[in-house]
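Me: Let's go through this one and check the labels against their rules. I'll ask, you justify.

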Amino acid sequence: MASSIILHDVQKHSGGAGDALGHAHLSNGGVSLVFAPDGFGVPAVAHWGAALGDADLPGLLATTLPAVMNSSIDVPRSFSIVADRSQGWSGTPSIDTHADEVMLEGFALIGAVRSATTVTFTLCDATSTLEAEYCYRLDEAGILHVTIALRNLSPQRWVEVVAVRALLPLPARAAETLDFTGRWTHERRPQRSEVRDGTWTRSSRRGRPGHDASYLTLVGTTGFRFRSGEAWAAHLAWSGNQEMIVERLPEGAGVHRSVIGGGELVDAGEVRLPPGGRYRSPEVLFAWSDAGIDGISARFHASIRSRPTHPRAPRPLLLNTWEAVYFDHDLDKLTDLAAIAADLGVERFVLDDGWFRGRRGDTAGLGDWYVDESVWPQGLQPLSDRVHELGMQFGLWFEPEMVNPDSDLARQHPDWLLQESPLLAARNQFVLDFSLDEVVAHILERLDEIITTAAVDFVKWDHNRDLHASLGIRGSRRVRAHTQGLYRTLRELRRRHPRLEIESCASGGGRADLGILQYTDRIWASDCNDPIERQHIQRWTQTLLPPELIGAHVGPAESHTTHRHADFSFRAVTALFGHAGLEWDLTRTTSTERAAIAAWSHLYRELRGLLHSGVTVRGDDVDDGALLHGVVHADGTEAVFAWVRTATSATAHTPRVPLPGLHPAMSYRVRVREEIAASRHQIADPAWMTTDVDLVCTGAVLAAGLPLPVLNPGQALLLHLTAVGSDNPS
Ligand code: GLA
């Protein structure tokens, strides 16, 4: 039941208990977030971390203010939710706004509404121009969702919004940052650094998060790893420009040491609120865990899976035609490909780029969303019908936000471009301005018509360039509006086609965020299908997203983007740990390869229930050339692990490799799934693997480790564990 706190009560009863004390305690999923008024009566986070009980609160609330220091303000420093300079905070503010060149600050609490898991604080600046509503919701997985809404209260003045950031304090032991960078075919490369005095800022002005997106910003105790250490993390659910920060000042942040958070990056003049105007920030999600990076991922995965829009049907095995045929579209060839795919267990056939008017390469046609009659004289129906007859879904590629200058649409509507002169093309394309209603209406009409006539079940929605490269004065004010227009379009498309599934692709994983995933069902993690690269890309993409949302394809032996060769088994094991698919011209495969693909696709269908609902775990205790990762059923009764060798190492024996995440008291039957063979760099396997009977072992022993074979580099072995015995706790 919601209750209200009014500022005057908060101040008046500041020695009392409960609401009258002015604190708010949210608790859910083993996490507590406690707010207490700072010296100015503004809510400040007193605690974010392990769940606290009622008995903890008096002591916590009695100790929220630090000493008054030399050469400092004359009252104890605090770090309130507004992080307001006028109240002594010298770091990055939460709200950066002005009206008639006067900074709006000095925010005071005017009301609060709360329940056990949510609280909304309403504040107003000292000039009574701007109202700010901070909403905090702690979900069952312990993920904190924060949004900030602004309202211009002035009858005549406009408010210019420079930045709105959700910020939370961190303790001194949060000493090391981990976030991500990358490039095309090389997404989610982790980078670590020590937290130091100053501001660690990760911005994207690309009009999308980008291949180098900070993605998930983590701060942990020194040396925090997948299975150990305490960590705090933040992610912005937004597909436009953004900024995440970790900041530390010499004077700390009240009794805390540093700060984490961020928000949308607003361009100059982009958000101006007229009298009565409102701004609502994208959601910032925060996670805390004392169980390492895996603990953070477990919370995010559980939270993401609880969304009403989360895909619940088994993730269909997919074939995507891009690397199979590129722009070389031919009905006979594609029909053959579809028939072989269906025979091998594929459940969704996706026709990639190249089907629409004038699109014989990447220099022309984008924007002209009409089936190219010169290539498809009878339209897409013959292929779509055949795909459906074969029992598969039919998917189709679009890149709706883009046009080639060499397209009818660009020629007819130069006024629809996001950019103004100078027009700088990227991949020979410009961007359409999705803030314009006529653009959205046109795109919806085109997609609607094609989706309906070709009975499309799945759309691969691509986005192959940064927006920033060629923005003019008009364009630079439109990234936010464009992003909102994109969301509106996706929302409307789903309303018109409720069973349609959509993938978010941006030259691979350039737009992988929980903003776009409100309207889409999967992300394409990378244009790189080389399993050595993919192991890393998927491992780190899974810090935030569960495997069922991450497209992972088996390509041919020679990777198209790295030209490195990999055995089938390695490619196959790698693609199992995602939403699996194939990106391969199967008409050129041998009967041996087809048999291997059929066995793998069977295995995928057998294991996907577990892979797409269980807990992702990653081992720390392996040598530099190896990876150990797996998925454990939520009740601990089943697990699959991949033992992966990406490179040789100096280790010349087979030490026990800990298998994390199992129930210590359960006994497990351990099997190597021989459908997927892996070649060895040794004389014979460890003895437990060479006997006729399966190994049965407790989770406690497996946590201590299992000697695993030394594989050749570029190999992966799949272990399948099932709980045995009736004495297992369920
Ligand atoms: C992007 C995508 C690819 C493919 C091509 C088609 O690069 O990431 O998967 O769809 O576009 O042009």
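Me: How many cavities are there, and what makes something a cavity here?

Reply: The count comes to eight cavities of 30 Å³ or more. On a 1 Å grid over the protein atoms alone, a cavity is a set of points where a 1.4 Å probe fits but cannot get out. Grid points are joined across faces, edges and corners, and a volume is the space filled by probe spheres set on the points. By that reckoning the largest cavity has a volume of about 100 Å³. One caution: this is a predicted model, where local features need pLDDT of at least 70 and side-chain atom pairs count only at pLDDT 80 or more, while totals for chains, interfaces and linings use all residues. Residues are numbered from 1 along each chain as its sequence is written, and side-chain values use heavy atoms, with hydrogens and water left out.

Me: What makes a residue part of the lining of the largest cavity?

Reply: Having an atom within 4 Å of a point. For the largest cavity 14 residues line it, and Ala 44, Val 45, Thr 64, Phe 79 and His 256 lie nearest its centre. Strands β3 (31-37) and β4 (43-50) are the elements giving two or more residues, a strand being a DSSP run of E with at least two residues, a helix one of H or I with at least four, numbered from the N terminus. β4 has the largest share, three residues.

Me: Which space is called the largest pocket, and what lines it?

Reply: A pocket is an open set with protein on both sides within 12 Å along at least five of seven lines. The largest one has a volume of about 670 Å³. Its lining has 25 residues, with Ala 237, Glu 283, Leu 514, Gln 518 and Tyr 519 nearest the centre. Helix α9 gives the most, five residues.

Me: How do you know that Asp 527 makes a polar contact with the ligand?

Reply: The rule asks for a pair of N or O atoms within 3.5 Å (within protein, one must be able to donate a hydrogen and the other to accept it, and residues adjacent in sequence count only if both atoms are side-chain atoms). A ligand oxygen is 2.6 Å from a side-chain N or O atom of Asp 527, so the pair qualifies. Asn 464 also passes, with its side chain at 3.3 Å from a ligand oxygen, as does a polar backbone atom of Gly 508 at 3.0 Å.

Me: Why are β6 and β20 called edge strands?

Reply: The open sheet has four strands in the order β6-β5-β11-β20, paired antiparallel. β6 (102-103) and β20 (271-273) each have a single partner strand, so one side of each is left without a neighbour in the sheet.

Me: What makes β5 and β6 a pair?

Reply: DSSP must find at least two bridges between two strands. Two bridges join β5 (residues 95-99) to β6, so the pair meets the rule. Across it, His 98 stands opposite Met 103.
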